[in-house]
Amino acid sequence: MTSDTEHQNSDRSAEVPAETSAKAADGGGGLWGGGMPRWLPRAMVLAFVLLGLFQLADWAFRQLIDLFVMLLVAFFLSLALEPAVDRMAARGVRRGVGTFLVFVAVAVAVLGFLAALGTLLVDQVAKIAGDLPHLVDNLITWFNGTFHQDVSLGELQKKLLKDSGTIEGYAQQAADNVWGLSSTVIGGLFQAFTVGLFTFYFTAEGPRVRRTVCSLLPPAKQGEVLRAWEIALAKTGGYLYSRALLAVVSAAGHWVMFALLDLPYAAALAIWVGVMSQFVPTIGTYLAGALPVLVALTVEPVDALWVLVFTVVYQQVENYLLHPRITARTVDVHPAVAFGAVIAGAALLGAVGALIAIPAAATLQGFVGTYVRRYEVATDPRIDRGEQRRARRELRREAARRLRRMVGGGSDEAG
């Protein structure tokens, strides 16, 4: 009996290694014990292929990022220009001709601004160059009197001639910088041409572009896309048109003030203030007021003070009177939202992002106002504690007025 049991156990122990070796041969025994699984080579090849595709997509995106940015800028510009083209198309003008006329008007406005600014800049540079010897003499006199030195203009000229090699090196470096600046200008002109070309296409072919986009979507989604597109069109165009109107009003007001002060190039300075204060986010107001103040300093320091006072007063009038009335019919972006949008846009896309940040924020605000459902909030002192204190203060004032009337009436009757 015992011998039979031992014989069976020995047979089973002999069968186990055979089965294990068979499983190992088939690749099913253990994780790495009997060899590489069948799926592992294919998984490794798939992983390498996906990694290669990711690297290729990343490289292509980095190479095309400038094109994507230009397309984004062209899209927002087309949103701003399309309402004017739509009005002309409604009157029977072909969209291509209407777009061309709008482009000509915008180009004339931009070139006029640059010409006025260039004239002002050239005149100021020429004036500084003409006054440079007198300014140098005054600087030397101030330096000698303040630091008790005896520096003369002749000594400065000798030192400059002695260091002619250093000056030559600076000149060579400046020439290299000029060459680099020239290539940058050429690249910028090419980018501007590309943006203008895409803007013209997006504006002139606006209905066809929307129809092409909607043809890629099911009918249930086409209405939502067109609705979102209409919101972006209304908000972006309305915001830019309101800024343009504010720029015109600002330029007119400052031109009157500069003309009364008899500042040189009053019209150019007024256009500078109007454009910079409205279309350059965050720091535009400070840049707009700095140039007229500096120009006024070269004429009369008291005029610079008057310019500064008028700029500050006008900014307050614009913020609290003109801006709410004009933007009430277009779109109103809270200053905190605009400031945050400019910071985010500059961090993402640099100067271009800062310029298109506020129109993008206005469009996003329009989306939120349209698609996000809002509920009425009940009056609760935990929301606005200042309002509750203000109400109590008004009640106390009303009670005091009633008491004074009662006391006054009683004294009159007694008299």
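**Packing around helix α7 in a predicted all-helical model**

Helix α6 (residues 206-215) and helix α7 (residues 219-260) pack at an angle of about 145°, their axes lying 10 Å apart, and the crossing that the two helices make is right-handed. The model described here is predicted. On the α6 side the contact involves Val 209, Arg 210, Val 213 and Cys 214, which meet Gln 222, Val 225, Leu 226 and Trp 229 of α7. By class, the residues of this contact divide into six nonpolar, one polar and one charged.

In overall composition, the secondary structure of the protein comes to twelve helices and zero strands, and the order along the sequence is accordingly α-α-α-α-α-α-α-α-α-α-α-α. Of the 415 residues in the protein, 23% are buried. Among contacts with a separation of 6 or more, 63% are made by residues 24 or more positions apart.

Helix α7 itself has 42 residues and spans 62 Å from its first C-alpha to its last, a value close to the 62 Å expected at 1.5 Å a residue. Besides its contact with α6, α7 packs against helix α8 (residues 266-279), with axes that come within 7 Å and cross at roughly 145°; this crossing, too, is right-handed. The α7 side of the contact includes Leu 240, Arg 243, Ala 244, Leu 246, Ala 247, Ser 250 and Ala 251, together with His 254, Trp 255, Phe 258 and Ala 259. These residues meet a set in α8 that includes Ala 266, Ala 267, Leu 269, Ala 270, Ile 271 and Val 273, as well as Gly 274, Val 275, Ser 277, Gln 278 and Phe 279. The contact of α7 with α8 comprises 16 nonpolar, five polar and one charged residues.

One of the polar residues at this contact, Ser 250, is placed in helix α7 and meets α8. Ser 250 counts as buried because its relative accessibility is 1%, which falls under the 20% limit. When neighbours within four places in sequence are set aside, the contacts of Ser 250 are with Val 273, Gly 274, Ser 277 and Gln 278, and further with Tyr 314 and Glu 318. Of these partners, Val 273, Gly 274, Ser 277 and Gln 278 also appear on the α8 side of the contact between α7 and α8.

The loop between α7 and α8 holds two residues with positive phi values. Asp 262 lies in this loop, just after α7, and takes a positive phi of about 60°, although the residue is one other than glycine. With a relative accessibility of 62%, Asp 262 counts as exposed. Tyr 265 is likewise located in the loop between α7 and α8, and its phi, near 55°, is again a positive value in a residue other than glycine. Tyr 265, however, is partly exposed, with a relative accessible area of 34%.

The structure holds seven aromatic pairs. One of them joins Phe 61 and Phe 68 in a tilted arrangement, with 5.7 Å centre to centre and 40° between the planes. Both rings belong to residues that are partly exposed, Phe 61 at 47% relative accessibility and Phe 68 with a relative accessible area of 36%. A further pair, formed by Phe 75 and Trp 229, is edge-to-face, with 5.9 Å centre to centre and 75° between the planes. This pair links distant parts of the chain, since Phe 75 is in helix α2 (residues 39-90) and Trp 229 is in helix α7, 154 residues apart. The two partners fall into separate accessibility classes: Phe 75 counts as partly exposed at 27% relative accessibility, whereas Trp 229 counts as buried at 16%. Ring pairs also link Phe 75, Phe 76 and Trp 229 into a cluster. Trp 229 thus takes part both in this cluster and in the contact of α7 with α6.

Elsewhere in the chain, Val 97 is found in helix α3 (residues 95-147) and counts as partly exposed, at 42% relative accessibility. The C-alpha atoms of Val 97 and Val 85 are separated by 9.0 Å, the two residues being twelve residues apart along the chain.

Notes. Residues are numbered from 1 along each chain as its sequence is written. This is a predicted model: local features need pLDDT of at least 70, side-chain atom pairs count only at pLDDT 80 or more; totals for chains, interfaces and linings use all residues. Side-chain values use heavy atoms; hydrogens and water are left out. Axes are lines fitted to C-alpha atoms, for helices over the stretch in contact, and angles run from 0 to 180 degrees between N-to-C directions. Helices (H or I, at least four residues) and strands (E, at least two) are DSSP runs, numbered from the N terminus. A crossing is left-handed if the near helix is turned anticlockwise from the far one by less than a right angle, and right-handed if clockwise. Contact means heavy atoms within 4.5 Å. Ala, Val, Leu, Ile, Met, Phe, Trp, Tyr, Cys and Pro count as nonpolar, Asp, Glu, Lys and Arg as charged, and the others, Gly among them, as polar. Buried means under 20% relative accessible area, exposed over 50%, partly exposed in between (1.4 Å probe, protein chains only). Rings of Phe, Tyr and Trp (its six-membered ring) pair if their centres lie within 6.5 Å; planes under 30 degrees apart count as stacked, over 60 as edge-to-face and the rest as tilted. The expected span of a helix is 1.5 Å times one less than its number of residues.
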